[in-house]
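Visitor: Please take me through one part of this model in detail. I would like to see how its helices pack, and then what else stands out.

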Amino acid sequence: MSVVRSAVLAGWALSASLAIAPSLAIADEIPAATVARAEALRDRALKGSGAYEILESLTTEIGPRLAGSDAEHRAAAWGVEKLKALGFTHVHTESFAVPGWTRGAETAEVVSPFPQRLIVAALGGSVATPPGGLEGEIVVFRTYDALLAAGPGSLTGKIAVVTQPIPRSQDGLGYGMNYRIRGQGASEAAKRGAIAYLLRSLATGDRRDPHTGAMTYAADAPRIPAAALSVPDAEQLDRMVTRGKPVRLKLVLTPTIREGATAETVVGDLVGREKPDEIVLIGGHLDSWDLGTGAIDDGAGVAITTAAAKLIADLPQRPRRTIRVAMFGAEEIGKAAEAFATAHKADEAGTVLAGECDFGAEPVVSIALPSHAAMSPYGRALTTVVATLPTTVTFKPVGDGGADLEGLVGV
């Protein structure tokens, strides 16, 4: 199955199917026939599902899908066509307003004392530099907390650079804990007088292609240009400043914002045979950043959840509850959650399970259940079914279902 691993697909199919299958309460025993069907579904998923074909179609025919762009709208049309072809019903799009941010030219270079080019990527939402760029001495902070400790006015006329590395972890905790470096760093630097902000790419590798990503501006700080440095270039600046000479850098960023832009979330249902108003909601986000084809973030999530739902739909008996697949628009800039929650307020009480696949295509590390469910018959049945997969059912209560589901209170 290449990029889309069969184990992660099986995990999603099982999580959804066991939530759908029983008409009993979570404390009731799960019938042996239900467990057997789940095990058969697991084995079917491991043999192939069509998920890779969905992913290949999206990334080849559409490519990068920046929120609010023409490509994102083509992706929504692709999603509608794909869900209809797979037998989903009630397929439609839900449009909402977004900032139409578009990347422009982006260059950085050390002017002195060691002239050389650096590789940068503007952060999503960043303002532009003056047309000819800006130049200034850099101040390097090896931790974000060191930047926060800097006094008011200490960075006046300077370019702030944070070079804190991101630790690698299986559960992505290092990225989550350090998101603030990208999300709030520019405003914190601006409050201290900086004219621009650079951070070491939030990446655990050492390739010279920086990750972009969204940032936000605080209302009480000037808006300054912000970009990510490639990991090797951030380390290069770390070494330069130890030489004892002021390091001056020139930065050019030319992003633009288009008024009146919109994004779309694509929704399709597999209607339940007995309890159509009870919903199992799964999905991934359709938009992506523009520096790649969005295969891992989050074409894989779209493909995995769509294929998992299709596997369940192809069982001899249609599930009791409705499976709803959502291909969320504008997740990368944080605009999908509120729009989706508003559009589906009436479905909130009937949503019995919700989860977004947005963690790449590796096998599921663990399945977290609410504390009352982990040792219930349901939890024990799920543990049995996933025992042959590289995953576990944990006792740590689930924290959330994903960024695009934050607005669904009570899910």
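Guide: Start with helix α3, residues 51-61, and helix α9, residues 295-313. This is a predicted model. The axes of α3 and α9 lie 8 Å apart, and the packing angle is about 135°. An angle over 145 degrees would count as roughly antiparallel. The angle of about 135° therefore makes α3 oblique to α9. The handedness of the α3 and α9 crossing is right-handed.

Now the residues at that crossing. From α3 come Ala-51, Ile-54, Leu-55, Leu-58 and Thr-59. From α9 come Ala-295, Gly-299, Ala-300, Ala-303, Thr-306 and Ala-307. By class, the contact of α3 with α9 holds eight nonpolar and three polar residues, with no charged ones.

Stay on α9 for a moment. A cis peptide bond joins Asp-297 and Asp-298, with omega about 5°. Asp-298 sits in helix α9.

Back to α3, and on to its packing with helix α4, residues 70-85. Here the axes are 10 Å apart and the angle is about 150°. The cut-off for roughly antiparallel is over 145 degrees. So α3 is roughly antiparallel to α4. The crossing of α3 past α4 is right-handed.

On the α3 side, Ile-54, Ser-57, Leu-58 and Glu-61 make the contact. On the α4 side, Ala-75, Trp-78 and Lys-82 do. Sorted by class, the contact of α3 with α4 has four nonpolar residues, one polar and two charged. Compare the lists for α3. Ile-54 and Leu-58 appear in the contact with α9, and Ile-54 and Leu-58 also appear in the contact with α4.

A further helix pair is α2, residues 32-46, and α11, residues 377-385. Their axes come within 10 Å and cross at roughly 35°. The crossing of α2 and α11 is right-handed. In α2, the residues involved are Val-35, Ala-38, Glu-39 and Arg-42. They meet Ala-381, Thr-384 and Val-385 of α11. The contact of α2 with α11 divides into four nonpolar, one polar and two charged residues.

Next, the backbone. Another cis peptide bond joins Ser-112 and Pro-113, and its omega is about 5°. Pro-113 is placed in the loop between β3 (106-112) and β4 (116-118). His-90 is also worth a look. Its phi is positive, about 55°, although His-90 is not a glycine. His-90 belongs to strand β1, residues 89-97.

Last, the internal space. A probe the size of a water molecule, rolled over the atoms, shows where empty space is left. The count comes to two cavities of 30 Å³ or more. The second largest cavity has about 50 Å³ of space. Its lining includes the nonpolar residues Ile-279, Leu-281, Phe-340 and Leu-408. Arg-324 and Asp-347 are charged members of the lining. His-344 and Thr-351 also line this cavity, and both count as polar. By class, the second largest cavity is lined by four nonpolar, two polar and two charged residues.

To trace the helix packing on screen, begin at Ile-54 and Leu-58 of α3. From there, go to Ala-303 of α9 as one of the residues in the first contact. Then go to Trp-78 of α4, one of the residues that Ile-54 and Leu-58 share a contact list with.

Terms used:
Residues numbered from 1 in each chain as written. Predicted model: local features only at pLDDT ≥ 70, side-chain atom pairs only at ≥ 80, totals over all residues. Heavy atoms only, no water. 1 Å grid on protein atoms, 1.4 Å probe; cavity = no way out; pocket = protein on both sides within 12 Å on 5 of 7 lines; lining within 4 Å. Points joined across faces, edges and corners; volume = space filled by probe spheres on them. Axes fitted to C-alpha atoms, helices over the stretch in contact; angles between N-to-C directions. Helix = DSSP H or I, 4+ residues; strand = E, 2+ residues; numbered from the N terminus. Parallel < 35°, antiparallel > 145°, perpendicular 65-115°, else oblique. Left-handed = near helix turned anticlockwise from the far one by under 90°. Contact = heavy atoms within 4.5 Å.
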